[in-house]
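Student: Please walk me through one part of this model in close detail, and then follow the connections outward from there. I would like one continuous account.

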Amino acid sequence: AVINRLGFNGAGLDAFRRNLEGIKGRRGPIGVNLGKNAASTDAAADYAAGAKTLAGHADYLVVNVSSPNTPGLRALQSRDQLSALLDAVRAALREAAPSDPPALLLKVAPDLTEDDKRDIAEVALEKNLDGLIATNTTIARPAESGLYAETGGLSGRPLARRSTEVIRHLYRQSGGRVPLIGVGGIFDAADAWEKITAGASLLQIYSGMGYEGPQI
């Protein structure tokens, strides 16, 4: 498992754009993860600025409203805020890349209520999203002692079952009409197959890559 509390640290949007511009001869798709600044008072403006600036440099954009390390970010998963946020990003993409916009995905938390999951699936269908990423790290803990008592987002083995449950629920709620990227506690083929049978079309690995290396 891994506990991280990094947040969205970086050198800024322009530096990110320059880094993407410097990629030559890439093989495979590039995804860009969008989040708001920690001190922002207008989250939608932050996401829209990211989408507008980076639309031409990515195959898909991810609206991340699920990191536990940015204050207030997860509140954007509520139905009304999420709907308005996605509208702002769509408008930015129409301006920046009207003829060939990147795919638009939403990354959700594992710590959602049943109502939250239903609302997210419905919004994903209403806004014609190209996919959902399930899930980000969790603030839940399997134990409240030792290292588990540290703050931050927990990933790896303790996240596996929780993320799979969210995948299964979102697949049912959307009727399989929204592609799902499954992530959370994937260390071997059996873990991958569990995510796929729950409804995932694609997979991502994070902690597994850290522990096992590229040969995973």
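Tutor: Let's start with A109, which is buried at 1% relative accessibility; here buried means under 20% relative accessible area, exposed means over 50%, and partly exposed is anything in between, with a 1.4 Å probe and protein chains only. A109 sits in the loop that runs between β4 (103-108) and α4. Helices (H or I, at least four residues) and strands (E, at least two) are DSSP runs, numbered from the N terminus. Across the fold, the C-alpha of A109 is 7.7 Å from that of R74, although 35 residues separate the two in sequence.

A word on how to read all this: the model is predicted, so local features need pLDDT of at least 70 and side-chain atom pairs count only at pLDDT 80 or more, while totals for chains, interfaces and linings use all residues. Residues are numbered from 1 along each chain as its sequence is written, and side-chain values use heavy atoms, with hydrogens and water left out.

Now follow the chain into helix α4, where R118 and D115 form a salt bridge with their closest N and O atoms 2.8 Å apart. A salt bridge here is a side-chain nitrogen of Lys or Arg within 4 Å of a carboxyl oxygen of Asp or Glu. R118 and D115 are about one helical turn from each other, because they lie three residues apart in α4. Both are partly exposed, R118 at 31% and D115 at 44%. Shared partners extend this into one network of salt bridges that joins R79, D115, R118, D119, E122 and E126.

One link in that network leaves the helix. E126 pairs with R79, and their closest N and O atoms are 2.7 Å apart. This pair ties together distant parts of the chain, since E126 is in α4 and R79 is in α3 (residues 79-96), 47 residues away. E126 counts as exposed at 51% relative accessibility, whereas R79 is partly exposed at 26%.

Beyond the helix comes N128, in the loop between α4 (114-126) and β5. N128 has a phi near 55 degrees, which is positive in a residue other than glycine, and at 58% relative accessibility N128 is exposed. On the far side of β5 (131-134), T135 lies in the loop leading to β6, and the peptide bond from A134 to T135 is cis, with omega near 10 degrees.

That β5-β6 loop also holds E150, whose salt-bridge partner R5 is in the loop between β1 (2-4) and α1, 145 residues apart in the chain. The N to O distance between R5 and E150 is 3.2 Å. R5 is partly exposed at 47%, and E150 is partly exposed at 34%. By the salt-bridge rule, the model has 14 such pairs.

Next along is S155, in strand β6 (residues 153-155), and S155 is buried at 4% relative accessibility. Its C-alpha is 27 Å from that of A44, which lies 111 residues away along the chain.

Further on, helix α6 (residues 189-198) contains I196, which is partly exposed at 37%. I196 joins W193 and L203 in a nonpolar surface patch with about 300 Å² of accessible area together. Patches are made of residues with over 30% relative accessible area and no salt bridge, with like charges joined within 9 Å and nonpolar side chains (Val, Leu, Ile, Met, Phe, Trp, Tyr) within 5 Å. The areas come from the Shrake-Rupley method with a 1.4 Å probe, and for residues only the protein chains shown count as cover.

To finish, look at the largest pocket, with a volume of about 1200 Å³. Of its 48 lining residues, G7, F8, N33, L34 and N64 are the closest to its centre. A pocket, on a 1 Å grid over the protein atoms alone, is an open set of points where a 1.4 Å probe fits, with protein on both sides within 12 Å along at least five of seven lines; lining residues have an atom within 4 Å of a point. At least two lining residues come from each of α1 (13-21), β2 (31-34), α2 (43-54), β3 (60-64) and α7 (207-212). The lining divides into 21 nonpolar, 24 polar and three charged residues.

Technical notes:
Points joined across faces, edges and corners; volume = space filled by probe spheres on them. Nonpolar A, V, L, I, M, F, W, Y, C, P; charged D, E, K, R; others polar.
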